[in-house]
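Here are my notes for someone opening this entry for the first time. Have the 3D view at hand while you go through the points.

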Amino acid sequence: MSYTEYIIKKAVSADLETVKKIYDDARLFMRANGNPTQWSGGYPSEELLLDDIKKEQLYICIDPESQETVGVFCFFIGSDPTYVEIYEGKWIRAGRSGVIHRIATTSHSKGVAKACFDYGYSIAKDIKIDTHRDNIPMQKCLLKNGFKYCGIIYLPNGDERLAYQKCEAVPSDELEKIIRQAGEIILTADTDHKKHITEKSGDSNFVTEYDLSVQCFLKEKLSELFPSASFFAEEDGEAEKELGNEYTFIIDPIDGTTNFMCGYNHSSISVALTKNAELLFGAVYDPYANDYFHAVKGEGAYLGSKRISVSDRDSQKAIILVGSAPYYKEEFSRKVATFVYDLLQNFADFRRTASAALDTCYVASGRADGFCEPILSPWDYAAGILITEEAGGIATDYEGNNISLTKPSSVLIASPKQYEKLFEICKIN
């Protein structure tokens, strides 16, 4: 049974005696299965159970056919003080989560523990739980239901417990909330353009106080979700970075800084998440248009809640977005001019928007048919690669290879219908 086939509701004081009987049976089961010390001394006490009921965090599980109460568990969302420190391992994600304690079921019912776990997970998408080292049946049950062993925690009295966690690999809703909040920082920018502008290396390569503010905000909040994650971010000054086996966020706090400085209102925040150097999540947010493009690997690409896909237009109607590599004018400006001429001979028209991250998403959503730029940094395109590929597009460099996530690269992103023609033009320019 799934939790939807059971009745799960908050316990009330009238349920106390039934709940105590289930815990009594659970203690007997533990003693009979090699676990003589857990829940000794009448734990959980009546006082503790009443406190759980008062806090509305004690739940009972009812068989809908017999109307018998077949399970009980404590569940809340928050930070358990005993989970702050973990030893000989680490949480998949630290911080606030759903927490399950004191789960017990009747011995004659099947699937009750799973129903309780599923109920908590349907609400929190991140569940932590601990159990006694001798409670082998519970350890097997946790692993069977998708929990992973994380390490050892200690109760206030010093007793050891084995800690487990089940969570979404990518907490999309929480990431979206953080990225949208970062967008609010951009929208608060002064309208008189006094944004404490400084110049970085390269022609027309600027940074404002808002780039730094957005990046600091993102790093702070994303670190709360992924405490062990590293960052490859534009304003950190790293041109290249090796991506290890752990989580890494690739961030551009304001893609289209020159637009932003001039009040052109076409800029975006780009956030990608990798693990084992593989893209797991990408989001590009335009706070001016309130366009939130996002994708989780294997789950499709979206603009808000609407699924998106690349276009199927013929080249006579196709629009190609072009990056002019403004930080490398001496090397690329003449090539870009020739490239644009070739584009106009083969496609309907071209556009130059000055936000590469948004350009990739415009291709992904069918607003344009291709995008290319001779050199960009990973934070400009990392999120857009995943969004485009999940939308059915193709992303390579000018040589047809996978685009590097660790160092600057040429970028060619297009719908399948326009990729080959655009690739041939990129190759000769």
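How many bridges join strand 17 to strand 19, and in which sense do the two strands run? Keep that in mind for point 2; a few basics come before the answer.

1. A word on what you're looking at: this is a predicted model. The protein chain has 429 residues, and 53% of them are buried. Its secondary structure adds up to 11 helices and 21 strands. Along the principal axes, the C-alpha atoms take up a box of roughly 80 × 45 × 35 Å.

2. Now for the opening question. Strand 17, residues 319-322, and strand 19, residues 370-376, run parallel, and three bridges join them. One pair to click on is Ile-320, whose bridge partner in strand 19 is Gly-370. Strand 17 also runs parallel to strand 18, again with three bridges between them. Here Ile-319 is the residue to pick, as it stands opposite Asp-349 in strand 18.

3. Zoom out a little and you get the sheet these strands belong to. It is an open sheet of five strands, ordered 18-17-19-21-20, and its pairing is mixed. Strand 18 (349-351) and strand 20 (394-396) are the edge strands, each pairing on one side only. From one strand to the next, the twist averages 15°. Helix 11, residues 416-428, packs on this sheet and touches strand 17, strand 19, strand 20 and strand 21 (409-414). The direction of helix 11 makes about 145° with that of strand 21.

4. While you're in this region, have a look at Leu-343, which sits in helix 8 (residues 329-346). Is Leu-343 buried or exposed? Buried: its relative accessible area is 2%, and the cut-off for calling a residue buried is under 20%. Leaving out neighbours within four places in sequence, Leu-343 is in contact with Ile-320, Val-322, Phe-350, Leu-422 and Ile-425. You've already met Ile-320 as the bridge partner of Gly-370. As for Ile-425, it is 82 residues away from Leu-343 along the chain, yet their C-alpha atoms are separated by 7.5 Å.

5. Next, jump to another sheet. Seven strands make up an open sheet in the order 1-2-3-4-5-7-6, with mixed pairing. Its edge strands are strand 1 and strand 6 (148-154), and each of these pairs on one side only. Direction ignored, neighbouring strands in this sheet are turned by 30° against each other on average. Helix 3, residues 112-124, lies across strand 1, strand 2, strand 3, strand 4 (97-105), strand 5 (126-131) and strand 7 (160-167). Its run makes an angle of about 25° to strand 3.

6. Strand 2, residues 58-62, deserves a closer look. How many of its residues are buried? Five of five. Both faces are covered, with Leu-58, Ile-60 and Ile-62 buried on one side, and Tyr-59 and Cys-61 buried on the other.

7. Strand 2 has partners to follow as well. Strand 1 (residues 7-10) pairs with strand 2 in the antiparallel sense over four bridges, and Lys-10 stands opposite Tyr-59. Five bridges join strand 2 to strand 3 (residues 69-78), also antiparallel, and here Cys-61 stands opposite Gly-71. Strands 2 and 3 form a hairpin, with six residues between them. In the turn, check Gln-67: it has a positive phi of about 60°.

8. Last, some whole-chain numbers. Counting contacts with a separation of 6 or more, 65% are between residues 24 or more positions apart. The chain exposes about 19700 Å², and carbon and sulfur atoms supply 49% of that. There are 46 positive and 64 negative side chains. Where do the centres of those two sets lie with respect to each other? They are 4 Å apart.

How values were computed. Residues numbered from 1 in each chain as written. Predicted model: local features only at pLDDT ≥ 70, side-chain atom pairs only at ≥ 80, totals over all residues. Heavy atoms only, no water. Buried < 20%, exposed > 50% of the residue type's maximum accessible area, 1.4 Å probe, protein only. Contact = heavy atoms within 4.5 Å. Areas by Shrake-Rupley, 256 points an atom, 1.4 Å probe, with all protein chains shown as cover. Lys, Arg positive; Asp, Glu negative; His and termini not counted. Charge placed at Lys NZ, Arg CZ, Asp CG, Glu CD. Pairing = 2+ DSSP bridges. Axes fitted to C-alpha atoms, helices over the stretch in contact; angles between N-to-C directions.
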